[in-house]
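Trainee: I'm new to this one. Please take me through a single part slowly, and explain the terms as you go.

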Amino acid sequence: MDIVYIKELEIRTVIGIYDWEREIKQTVSIDLDMATDIRPAAATEDISKTLDYKAVSKRLIAFVEEAEFLLIETMAEQMAAIILSEFPVGWLRLRLGKPGAVTGARDVGVIIERGQQPERLPRL
Ligand SMILES: Nc1nc2c(c(=O)[nH]1)N=C([C@H](O)[C@@H](O)CO)CN2
């Protein structure tokens, strides 16, 4: 299985359950591991034959900047659904953090895995 990844993508958005959180924008931080086959692109150096991490990042930025979720769970689930339905990704692991949300903790958040992980074939 090959992975295309995005690390510590930071986006400002309205997120949170408390009244004061509905009035401001906070930063969420995203790590994403996406299973895809990189071999066709490696053989041809053709960006159209792989998963374009810039295109994924731009799509997530556009979605999250406009969103106003209460829970990070909902945001994570919807981001995963977008990636799996709009990009050539069969499986993903998504970490969605809300740094600074808890005093004393550098970061808090959720990690989800969605989709079908490709089978690892035994080496002969
Ligand atoms: N599992 C979660 N716990 C909490 C969330 C959340 O989205 N998922 N949100 C909050 C508050 O919005 C908090 O971030 C404010 O500091 C609390 N717990």
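**The ligand shell and beyond**

Mentor: Let's start at the ligand: the shell around it has 5 nonpolar, 1 polar and 3 charged residues (Ala, Val, Leu, Ile, Met, Phe, Trp, Tyr, Cys and Pro count as nonpolar, Asp, Glu, Lys and Arg as charged, and the others, Gly among them, as polar). This is a predicted model, where local features need pLDDT of at least 70 and side-chain atom pairs 80 or more, while totals for chains, interfaces and linings use all residues. Numbering starts from 1 along each chain as its sequence is written.

So who's in that shell? You'll find Gly 16, Ile 17, Tyr 18, Glu 21, Leu 71, Ile 72, Glu 73, Lys 98 and Ala 101, counted as near if the C-beta atom, placed from the backbone, lies within 6 Å.

Ile 72 and Glu 73 bring us to helix α3, which spans residues 72-86 and packs with helix α2 (residues 53-66) at about 140°, axes 11 Å apart. Helices here are DSSP runs (H or I) of at least four residues, numbered from the N terminus, and axes are fitted to C-alpha atoms over the stretch in contact, with angles from 0 to 180 degrees between N-to-C directions. That makes α2 and α3 oblique to each other, as opposed to roughly parallel (under 35 degrees), antiparallel (over 145) or perpendicular (65 to 115).

On the α2 side, Val 56, Arg 59, Leu 60, Phe 63 and Val 64 make the contact; α3 offers Met 75, Met 79, Ile 82, Ile 83 and Glu 86 (C-beta atoms, placed from the backbone, within 7 Å). Sort them by class and you get 8 nonpolar, no polar and 2 charged.

Conventions:
Helices (H or I, at least four residues) and strands (E, at least two) are DSSP runs, numbered from the N terminus. Two residues are in contact if their C-beta atoms, placed from the backbone, lie within 7 Å.
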